[in-house]
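This briefing covers the fold, the helices and the core of one protein chain. Please look at the sequence and the model before reading the points that follow.

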Amino acid sequence: MTTPRDIYATVKLLLDRHGLKGAADHCLERGEELAAAGDKQGVYVWGQVRAALLDLSDIKFDGEVVN
């Protein structure tokens, strides 16, 4: 089971290695790879990583309200 601490530790590593845009791109690519392999749990986990990344950044989707 992946804990929130695991998710945010992964986000920290991704940001350190790839920067914000690279980390976001990596999450999408990894999710796509796992989806192609039929790994639903992996897709879910990388979705959680991406959500945490976006939560900690100033990236917003089109039409999303900024606090």
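In this predicted model, helix α1 has eight buried positions to look at: Ile7, Val11, Leu14, Ala23, Ala24, Cys27, Gly31 and Leu34. Part of their cover comes from α2. The points below start with the chain and then turn to α1, the core and one partly exposed leucine.

**Chain overview**
- The secondary structure consists of two helices, with zero strands.
- The chain has 67 residues, and 24% of them count as buried.
- About 5000 Å² of the chain is exposed, and carbon and sulfur atoms supply 55% of that area.
- Among contacts with a sequence separation of 6 or more, 56% join residues that are 24 or more positions apart.

**Shape of helix α1**
- A straight helix of 33 residues would span 48 Å at 1.5 Å a residue, but the end C-alpha atoms of α1 span only 25 Å.
- A kink of about 115° is found in α1, and its centre is His18.
- After α1 comes Gly38, which has a positive phi near 80°.

**Nonpolar core**
- The largest nonpolar core is made of twelve residues, including Ile7, Val11, Leu14, Ala23, Ala24, Cys27 and Leu34.
- Also in this core are Val45, Trp46, Val49, Ala52 and Leu53.
- Both α1 (4-36) and α2 (40-56) supply at least two residues of the core.
- The most is given by α1, with seven residues.
- In soluble globular proteins, nonpolar side chains tend to be buried together.

**Contacts of Val11**
- Leaving aside residues up to four places away in sequence, Val11 touches Val49, Ala52, Leu53 and Leu56.
- Val11 is one of the buried residues of α1, and Val49, Ala52 and Leu53 are, like Val11, members of the largest nonpolar core.

**Leu13**
- Leu13 lies in helix α1.
- Is Leu13 buried, partly exposed or exposed? The relative accessible area of Leu13 is 46%, so this residue is partly exposed; the partly exposed class runs between the buried limit of under 20% and the exposed limit of over 50%.
- Leu13 and Ala23 are separated by ten residues in sequence, and their C-alpha atoms are 9.0 Å apart in space.
- Ala23, by contrast with Leu13, is listed among the buried residues of α1 and belongs to the largest nonpolar core.

Note on methods: Residues numbered from 1 in each chain as written. Predicted model: local features only at pLDDT ≥ 70, side-chain atom pairs only at ≥ 80, totals over all residues. Heavy atoms only, no water. Core = buried A, V, L, I, M, F, W, Y, C linked by side-chain atoms within 4.5 Å. Buried < 20%, exposed > 50% of the residue type's maximum accessible area, 1.4 Å probe, protein only. Helix = DSSP H or I, 4+ residues; strand = E, 2+ residues; numbered from the N terminus. Contact = heavy atoms within 4.5 Å. Expected span 1.5 Å × (residues − 1). Bend = angle between axes of the 7 residues up to and from the residue. Areas by Shrake-Rupley, 256 points an atom, 1.4 Å probe, with all protein chains shown as cover.
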